[in-house]
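Here is a protein chain to get to know. Take a look at the structure below, and then we'll walk through it piece by piece.

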Amino acid sequence: MPVQRLVPRAATPRKEGELDAAVEAGNFVEDIVLEDVTKGTYGGKVRTRFPPEPNGYLHIGHVKSICLNFGIARKFGGNCNLRFDDTNPASEKQEYIDGIQKDVRWLNFQWDGSARYASDYFPQLYEWAEVFIEKGWAYVDELTAEEISEYRGSLTRPGKDSPYRARPASESLELLRRMRAGEVAQGSAVLRAKIDMAHRNVIMRDPIMYRILSEPPHPRTGSQWVIYPSYDYAHGLSDAIEGVTHSVCTLEFNMHNELYDWLNEKVLSLGGTSLPLCQAPCALPRQHEFARLEMTYIVVSKRKLKRLVDAGLVEGWDDPRMPTISGMRRRGYPPQALTRLCELIGVTKVATSVIEYSLLENCVRDALQDVNPPKLLCVLRPLRMTITNWSNAEDEVLEVPPEHSDQASSSSPPLRKLHFGRDLLLDKEDFMEQPDADFKRLAPGREVKLRYGYVVKCDEVVHGPDGQVTELRCSYDPDSLGKRPPKGVAVVHWAHAAESVPVSVRLFDKLFSEPRPEEQDDFLQALNPASCEVLTSARCEPYVLDLCKDHQ
């Protein structure tokens, strides 16, 4: 089945509910959406959402969800919300909220209206919690966390009722209000839905709706609340409040689907103005699961990535070795590379599918060709090169032609100027005194072409007291400037010894040395100790200073 290509936002987006007659589904989720639009299940409307928890920065796994949710809305003339499911102040920060919004925009997607938050709905969610108690759908439980876990049972053993399950609704209501007022100690009481402790789905065995979290303050609501809705209670109802039509998420939430439906149906049954965006001709959201992105040599768990950051094993969430969007952006990956990756891997329910890291690298390589970023000359490990037949007192300034100067137009003067003279630098890896058969670069008696410059020939090799090569004495061909090098002559980077800029260069490799780090007893055992090599003596052409100014 063909995969729908995700491209930057259309210049003239369709109105909500307006479907292009030629639109075709590109994966099983789009099959479902197309069928719903055709049937008029939601009045012909499509509204998706991307609902991250603001407890860390987004990683490459989130890119797949972003592309799918925003891509569906774009393709079917709908809208996509950005909603932060901010129900746990203990792990949430405004820093993460800001970073997530930046990441989504960087991927060339824009959400409908303002960013939304589950905390926007805290008053309504609490009001419904009281109604649930009055209707006999919820109760306050005073079992400990350990006891709740024990009473819940297992996949093979049914749970058993809490001794507080049958308490009068009035007593639970009073306790909930005391919890709300901060009069009950954290950990001593929770509000639970009253469903079925013998249910085949463990998630449905009286799940927690509210718990006490008195500290720290919430990033948005401060100390206004000391009880917070659980993720499961808030998530599905937030979708319904916003009129989301298709709740698209990864497979690990499959068992939660039944609970979301139960909560939404209970609230909808209250009638009146409850869930106005889900009233006929619309309907309650339905959840559709897909396999998350799994890739070799990375981990896609915010908890594990946070462990790397907290332990100081990386420089931060945006460390270029990290599989976070901010890290990949800092490494220089174009956003098109990530959206292209998601286009190629498609959307399935096959949880065992693992993508090769090399596919990401290929997408980056292709995207860089399209973006055409500035490419500069840089010598990573300098080796002195003396041009012995250079007789001029002054250096020659070579002007790189406009077609090589990425920011110069045909009407602009060349922006890059390279000094050529007697004292130059060559990269040590571009010279071999006793070359292997397949080594094509500089060696004694051999020629190379200096990129944008002249052809030079190695005439003499100078060694230091320790026998290491310290200098190459070469001659240049004055007639070779601006000409193609002779057949078999390699082209190499170079720098002027005095008119180049000292730079620090970081050479990045994969963060993990094992293809599946999460399969280790401890994923940290798979860390690659050579994932970053810092070169402090590198030299770059002067134009790098202009790029630094532009970047700053």
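## A small pairing to start from

Find Arg47 first: across from it, in strand S2, stands Asn79. That match belongs to a pairing between S1 and S2, where S2 takes in residues 79-84. The two strands run parallel and are joined by four bridges.

Now widen the view. S1 and S2 belong to an open sheet of three strands, in the order S1-S2-S3, with parallel pairing. Which strands sit at the edges? Those are S1 (47-50) and S3 (116-117), each with a partner on one side only. As a bit of background, strands in a sheet pair through backbone hydrogen bonds, in either a parallel or an antiparallel way.

## Helices on the sheet

Two helices are worth finding here. Helix H2, made of residues 60-75, packs on the sheet and touches S1 and S2. Its direction makes about 160° with that of S1.

Then there's helix H3, residues 94-106, which lies across S1, S2 and S3. Relative to S2, H3 runs at about 160°.

## What the record says

The unreviewed UniProt entry annotates residues 45-369 as "domain: Glutamyl/glutaminyl-tRNA synthetase class Ib catalytic". In the model, that span is 38% helix and 12% strand. Its end C-alpha atoms lie 38 Å apart.

## Cysteines without partners

How many disulfides does the model have? The count is zero, going by a cut-off of 2.5 Å between cysteine sulfur atoms. Take Cys363, which is in no disulfide: the nearest cysteine sulfur belongs to Cys342 and is 8.9 Å away. Cys540 is in no disulfide either, with the sulfur of Cys378 as its nearest, at 4.5 Å.

Are these two cysteines buried or exposed? Cys363 has a relative accessible area of 3%, so it counts as buried. Cys540 is buried too, because its relative accessible area is 6%.

## How far to trust the model

Keep in mind that this is a predicted model. The chain has a mean pLDDT of 92, and 93% of its residues reach 70 or more. Over residues 1-13, though, the pLDDT is below 50. The model gives this stretch 22 contacts beyond near neighbours in sequence.

Residues 402-410 are another stretch to treat with care, with pLDDT under 50 throughout. Here the model has 19 contacts beyond four places in sequence. Where pLDDT is low, the predicted coordinates should not be read in detail.

Terms used. Residues are numbered from 1 along each chain as its sequence is written. This is a predicted model: local features need pLDDT of at least 70, side-chain atom pairs count only at pLDDT 80 or more; totals for chains, interfaces and linings use all residues. Side-chain values use heavy atoms; hydrogens and water are left out. UniProt positions are given in the numbering used here, feature names are shortened, and annotations may be inferred rather than shown by experiment. Buried means under 20% relative accessible area, exposed over 50%, partly exposed in between (1.4 Å probe, protein chains only). Two strands pair if DSSP finds at least two bridges between them. Contact means heavy atoms within 4.5 Å. Axes are lines fitted to C-alpha atoms, for helices over the stretch in contact, and angles run from 0 to 180 degrees between N-to-C directions. pLDDT is the predictor's confidence in each residue, from 0 to 100.
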